[in-house]
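Please look through the structure shown below, and then read the report that follows on its domains, its two copies and its largest pocket.

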Protein chains: 2
Amino acid sequence: MKSVSVAEEWFTVRWMNGRLLIMDQRQLPQAESYVVLETLEDVFEAIRTLMVRGAPAIGIVAAWGMALAANQSVAGDTQKLLEELKLARDYVASARPTAVNLSWAVNRMMAKAERSAKDDRATIVLLKNVLIQEAALIQREDEGASRAMGEHLLSLLDKSYGILTHCNAGQLATSRYGTALSPIYVGIEKGKKFHVFVDETRPVLQGSRLTAWELQKLGVDVTLICDNMAAAVMSQHKVDAVIVGADRIAGNGDVANKIGTLGVALLAHHYQIPFYVAAPLSTVDLAVSDGRQIPIEQRSSDEIVKGFGVATAPEGISVYNPAFDVTPHAYISAIVTERGVARRPYSVSLREQMREVNP
Amino acid sequence: MKSVSVAEEWFTVRWMNGRLLIMDQRQLPQAESYVVLETLEDVFEAIRTLMVRGAPAIGIVAAWGMALAANQSVAGDTQKLLEELKLARDYVASARPTAVNLSWAVNRMMAKAERSAKDDRATIVLLKNVLIQEAALIQREDEGASRAMGEHLLSLLDKSYGILTHCNAGQLATSRYGTALSPIYVGIEKGKKFHVFVDETRPVLQGSRLTAWELQKLGVDVTLICDNMAAAVMSQHKVDAVIVGADRIAGNGDVANKIGTLGVALLAHHYQIPFYVAAPLSTVDLAVSDGRQIPIEQRSSDEIVKGFGVATAPEGISVYNPAFDVTPHAYISAIVTERGVARRPYSVSLREQMREVNP
């Protein structure tokens, strides 16, 4: 993995001459620097260490990881290649447990490889090309999905331009436009104005480091707050809608998202502020009937006790550091996907949207 | 102001040979270091820069500041000394606007000086001694009040030993025992066991730097969490009671306390967890009928965007950084003072407790 500089419009992930270029988001907001991923191991490390994060972006990078694994294989026949790809899939899928887009993307790549290999004329070279095309398609589809989410969310925000968001569900978390931030990207194009309150999002500060950065780039009016200030801002009637992304959505509409989302949802509920979740359908996991079954990643205590380089807590203190929490569907006003606006009961509406995709 | 080391049991504030020794809380948890305050200006700076913080501790230190001002005066007569003390009072009272204990303490010192000066036999030396004795009394009374709060709170916690607290309302915020943490200090003496969840309390991290430090010293089972994890911990039924301190309590029971308290109160309300406020009666300000009239101190954006030396947000970003928020009385299960447990309607119960003190 090496760093490179890219002197043009910023981007989250780009395939370039058989290698993958991603922004190293750990360097933001100080530096806009890119890293070249050349192997499956590079991709694994990039996901594990949060160089790239955000459920859709993780899925896209993981898909490209499968393409990289195929491209570099020295397998002598297609069956051997498929076996290698299965190992690659299991390996990358284990990088982080909560976002379902990760396993969704590598499973889709695997299925594509298996279908293509069934053709008698399939060759190793052909399979390698098929996988590159499939990863590119996943990335293009994600961009289209984000664009569509932006349009659908805008239809809900007719008079709601005071927005509060948590974590980063913007362009940095996707191929383009973002999920929660998609209506802002799309709305800006249409001349709409927003005021966005950004939770800094402890412990890793995706809000202050990433969301504030990309909205500032976009020229949006942003106010950064600490997570514990959301209630005060809501109580002052400054927030017309809360919009967040999702890492996994259960069949009943329960949403796993960045730690702190549950609190924001309950506060929005208290203040009768609409609470919207934006995510592509690849985030919905019908294999999980409710949120309690979603595995929650526990991360290192160092993120909390020395997240800023200096020790901010006494040595030896116990820490609880779940990366995500689960918001029960009852507190979610709508789940917005590329197919439209899903309302309660989500067990019906989400299934209907998925049927439209895979009838 | 100079630093000194003190090789015994730690303390928040202590009068010693005409000078005031306070712990420099900005150095915690890395170093337990003390600072000598020798002038009124030292006291002002110590309060303004958060060397000492916590409403009762600010009141005690401000009272000692009045004693210092008197002690160092070269006034030729008692009337001149009173005039100097009035200036001293206004000066110290302006160090921070929200905690009412600050103005309560310096006004009490002033009233004591004025009463004493009315005596024909009053001399400058006598007034100086009277003020030292009054500050010592304020400090002793605070210790007694905290001890009493501990007993009253323990009566509410018979089966509630999973406690969540926000900010620091412990011994570091008072003369001894603390307000919100008083039942833990008193309960430990009686062999009770607690599990305390400590919100780190952004932006200045009084929870992780101070509360976690003093509870660890006390040998209590502590789990440090980020502020945005409180909802997750509550949803897992790990919290039996929330206890916080207060910086000012309005006549109707609305409570101004560290930013984030409002959110914790609303989440506790949602999960039907008792939410207790602990504060000495000197925190109640009957001149303020409801919380909307309490002035809220706005602090520097640097506390949020570079609170730990490194920039954690893009340059030039707008920030909202109120030091406090106001929790409406409807979400407070009880306000516990040295006089007992006040319940709704607080406009009645708080006045009754205050009448017992000043009938």
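Domain bounds, as used here, come from an automatic or database domain assignment. On that basis chain A is divided into domain 1 (2-143) and domain 2 (144-357). This is a predicted model, in which local features need pLDDT of at least 70 and side-chain atom pairs count only at pLDDT 80 or more, while totals for chains, interfaces and linings use all residues. Residues are numbered from 1 along each chain as its sequence is written, chains are lettered from A and ligands numbered from 1 in the order in which they are written, and side-chain values use heavy atoms, with hydrogens and water left out.

The C-alpha centres of the two domains of chain A lie 25 Å apart. The table sets their meeting beside that of the two chains, where contact means heavy atoms within 4.5 Å and buried area is the accessible area (1.4 Å probe) that two parts lose on being put together, summed over both.

| Parts | Residues in contact | Buried area | Share from carbon and sulfur atoms |
|---|---|---|---|
| Domain 1 and domain 2 of chain A | 28 residues with 39 residues | about 2,700 Å² | 52% |
| Chain A and chain B | 52 residues with 52 residues | about 4,000 Å² | 66% |

Within domain 1 of chain A, the residues that lose the most area to domain 2 of chain A are A:Trp10, A:Thr98 and A:Glu143, which together make up 28% of what that side buries. Against chain B, A:Asn228, A:Phe308 and A:Tyr320 supply 17% of the area that chain A buries, more than any other three residues.

When copies are superposed by least squares on the C-alpha atoms of residues with pLDDT of at least 70 in both, a turn of 180 degrees and a shift of 0.0 Å along the axis lay chain A on chain B with an RMSD of 0.1 Å. The two copies are thus related as by a two-fold rotation axis. In chain A, the C-alpha nearest this axis belongs to A:Phe308, 2.6 Å from it. Because 100% of the interface residues of chain A are also interface residues in chain B, the copies meet through the same surface.

A pocket is an open set of points on a 1 Å grid over the protein atoms alone, where a 1.4 Å probe fits, with protein on both sides within 12 Å along at least five of seven lines; its lining residues have an atom within 4 Å of a point. The largest pocket is lined by 24 residues, of which B:Trp104, B:Arg108, B:Leu281, B:Ser282 and B:Glu338 are the closest to its centre. Domain 1 (2-143) and domain 2 (144-357) of chain B both give residues to this lining, so the largest pocket lies between them.
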